[in-house]
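User: I would like a close look at one part of this model, with enough of its surroundings to place it. Please keep the account connected.

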Amino acid sequence: MTADQAPSLLEGMTELCVAKGRKVVRVDLTGEDRPSDSELAAMMTSRWGKLRAPAMRVGTTFVVGYNRDILASVFGTGGG
């Protein structure tokens with residue numbers, strides 16, 4: 001999946017969680033301050049323009065990237 005296609009994955013989602021190393025970025029997709037599709041695509045894709053992995057839908061949250069804490073919060077596990 002390429003950067004121009006990535007925002008289509010967010011249809012019906014209310015939150016985007018992006019893990020970049022130890023940093024976690026949470027984006028409310030329902031508010032007026034929702035980033036543009038190009039900004040969302042930049043968060044979701046690698047520097048080569050491909051969707052970062054892992055990428056998954058969990059309820060109405062779309063998760064991109066690996067971070068133990070983000071996965072624990074999304075899946076409701078201890079994470080440690």
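Where in the chain is Pro-54 placed, and what surrounds that part of the model?

Analyst: Pro-54 is placed in the loop between α1 and β3. The model is a predicted one, and every value below is computed from it.

The residue that precedes the proline in the peptide bond is Ala-53, and the bond from Ala-53 to Pro-54 is cis, with an omega near -10°. As background, most peptide bonds are trans. Ala-53 also belongs to the loop between α1 and β3, the strand that covers 55-58. Its relative accessible area is 67%, and because exposed means over 50%, Ala-53 counts as exposed. Exposure does not leave Ala-53 without partners: setting aside neighbours within four places in sequence, Ala-53 is in contact with Gly-65 and Tyr-66. Tyr-66 is 13 residues from Ala-53 along the chain, and their C-alpha atoms are separated by 7.4 Å.

Another part of the chain can be placed relative to β3. Thr-2 lies in the segment before β1. The C-alpha atoms of Thr-2 and Ala-55 are 13 Å apart, with their positions 53 residues apart in sequence. With neighbours within four places in sequence left aside, the contacts of Thr-2 are Gly-49 and Lys-50. Thr-2 has a relative accessibility of 28%, so it counts as partly exposed.

On the other side of the loop in sequence is α1, which spans 37-44. Leu-40, Ala-41, Met-43 and Met-44 are buried residues of this helix. Viewed down the axis of α1, the buried residues fall within an arc of 160°, so they line one face of the helix. These residues pack against three strands, namely β1 (15-20), β2 and β4 (61-64).

Leading into the helix is the loop between β2 (23-28) and α1, and Pro-35 is found there. This proline has 16% relative accessibility and therefore counts as buried, the limit for that class being under 20%. Not counting residues up to four places away in sequence, Pro-35 touches Val-27, Leu-40 and Met-43. Two of these partners, Leu-40 and Met-43, are among the buried residues of α1. Pro-35 and Gly-12, which are 23 residues apart in sequence, have a C-alpha to C-alpha distance of 15 Å.

The whole chain gives the setting for these parts. It contains 2 helices and 4 strands, in the order β-β-α-β-β-α along the sequence. Its radius of gyration is 12 Å, close to the 12 Å that the globule rule gives for 80 residues, so the chain is as compact as a globular protein of that length. The C-alpha trace spans about 35 × 30 × 20 Å along its principal axes. Of the 80 residues, 35% are buried. Among contacts with a separation of 6 or more, 49% join residues 24 or more positions apart.

As for the surface, the chain exposes about 5000 Å², and carbon and sulfur atoms supply 50% of that area. There are 10 positive and 9 negative side chains, and the centres of the two sets lie 13 Å apart.

To return to the part in question: Pro-54 sits in the loop between α1 and β3, the peptide bond from Ala-53 to Pro-54 is cis, and Ala-53 is exposed while in contact with Gly-65 and Tyr-66.

Conventions: Residues numbered from 1 in each chain as written. Predicted model: local features only at pLDDT ≥ 70, side-chain atom pairs only at ≥ 80, totals over all residues. Heavy atoms only, no water. Buried < 20%, exposed > 50% of the residue type's maximum accessible area, 1.4 Å probe, protein only. Contact = heavy atoms within 4.5 Å. Arc of directions from axis to C-beta. Rg over C-alpha atoms; globule rule 2.2 N^0.38 Å. Areas by Shrake-Rupley, 256 points an atom, 1.4 Å probe, with all protein chains shown as cover. Lys, Arg positive; Asp, Glu negative; His and termini not counted. Charge placed at Lys NZ, Arg CZ, Asp CG, Glu CD.
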